[in-house]
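Ready for some practice in reading a protein structure? Take a look at the sequence and the 3D view, then try each exercise before you read its solution.

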Amino acid sequence: MSNVNLNISELDSELLVQLDTYIQTLEDPKGSLINVLHRAQILFGYIPTNLQLYISRKLNLNAARVNGVVSFYSFFSEKETGKYVVSVCMGTACYVKGAEKVLHKALEVLKT
């Protein structure tokens, strides 16, 4: 991540203004990293590397720390997702009841 340039021109400037406004309302922006990341994901739909770098600079945090939080928590996405997200339970109880067949059929129908 250290070799990635901050290219904010690829990010929606209106959404960056909304994110900056949110950050300015925080008493402890550095200590509110997860909240800032949540807001960024709500605004942008995902948190790409250039947005992570932008946030790290805004909060004066190490970029690796920001990326570490984003990559650790499953509710943050670094890649753009589609309009709808489809999940199939693959836990033991679901698997025993045929979840693998459901998954394969969904992949077949969605052509992925």
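The exercises below work through this predicted model step by step.

**Exercise 1. Find the disulfide and describe its handedness and exposure.**

Step 1. Begin with the count: searching the whole structure turns up one disulfide.

Step 2. Name the partners. Cys89 is joined to Cys94, with an S to S distance of 2.2 Å. That fits the cut-off, since a disulfide needs two cysteine sulfur atoms within 2.5 Å.

Step 3. Look at the twist. The disulfide of Cys89 and Cys94 is right-handed, because the torsion about its S-S bond is about 90 degrees.

Step 4. Check the surroundings. Cys89 has a relative accessible area of 42%, so Cys89 is partly exposed. Cys94 has a value of 28%, so Cys94 is partly exposed too.

**Exercise 2. Find the salt bridges, and say where their residues lie.**

Step 1. Count again: the whole structure holds two salt bridges.

Step 2. Take the pair Lys58 and Asp20, whose closest N and O atoms are 3.7 Å apart. This pair links distant parts of the chain: Lys58 is in helix 3 and Asp20 is in helix 1 (residues 13-24), 38 residues apart.

Step 3. Compare how open the two partners are. Lys58 counts as partly exposed because its relative accessibility is 42%. Asp20 counts as buried because its relative accessibility is 16%, and the cut-off for buried is under 20%.

Step 4. Turn to the pair Glu108 and Lys105, whose side chains meet in a salt bridge at 3.3 Å, N to O. Both residues lie in helix 6, three residues apart, which is about one turn of the helix.

Step 5. Check exposure here as well. Glu108 has 52% relative accessibility, so Glu108 counts as exposed, as the cut-off for exposed is over 50%. Lys105 has 45%, so Lys105 is partly exposed.

**Exercise 3. Is Gln52 buried or exposed, and with which side chain does the side chain of Gln52 make a polar contact?**

Step 1. Locate the residue: Gln52 sits in helix 3 (residues 49-58).

Step 2. Read the accessibility. Gln52 is buried because its relative accessible area is 0%.

Step 3. Find the partner. A polar contact of 2.8 Å connects the side chain of Gln52 with the side chain of Asn67.

**Exercise 4. Describe the backbone angle phi of Asn60 and the setting of this residue.**

Step 1. Place Asn60 in the loop between helix 3 and helix 4 (63-72).

Step 2. Read phi. For Asn60 the angle is near 55 degrees, a positive value in a residue other than glycine.

Step 3. Judge exposure. With a relative accessible area of 60%, Asn60 is exposed.

**Exercise 5. Which residues are in contact with Leu26, leaving aside neighbours within four places in sequence?**

Step 1. Find Leu26 in the loop between helix 1 and helix 2 (33-44).

Step 2. Judge exposure. Leu26 is buried because its relative accessible area is 17%.

Step 3. List the contacts: outside those neighbours, Leu26 touches Ser32 and Val36.

Step 4. Add a distance. Leu26 and Val36 are 10 residues apart along the chain, and their C-alpha atoms are separated by 9.2 Å.

**Exercise 6. Which residues form a nonpolar patch on the surface?**

Step 1. Name the members: Val86, Val109 and Leu110 make up the patch, with about 300 Å² of accessible area together.

Step 2. Place one of them: Leu110 belongs to helix 6 (residues 99-110).

Notes
Residues are numbered from 1 along each chain as its sequence is written. This is a predicted model: local features need pLDDT of at least 70, side-chain atom pairs count only at pLDDT 80 or more; totals for chains, interfaces and linings use all residues. Side-chain values use heavy atoms; hydrogens and water are left out. Helices (H or I, at least four residues) and strands (E, at least two) are DSSP runs, numbered from the N terminus. Buried means under 20% relative accessible area, exposed over 50%, partly exposed in between (1.4 Å probe, protein chains only). A polar contact is a pair of N or O atoms within 3.5 Å; within protein, one must be able to donate a hydrogen and the other to accept it, and residues adjacent in sequence count only if both atoms are side-chain atoms. Patches are made of residues with over 30% relative accessible area and no salt bridge: like charges are joined within 9 Å, nonpolar side chains (Val, Leu, Ile, Met, Phe, Trp, Tyr) within 5 Å. Accessible areas come from the Shrake-Rupley method with a 1.4 Å probe; for residues, only the protein chains shown count as cover. A salt bridge is a side-chain nitrogen of Lys or Arg within 4 Å of a carboxyl oxygen of Asp or Glu.
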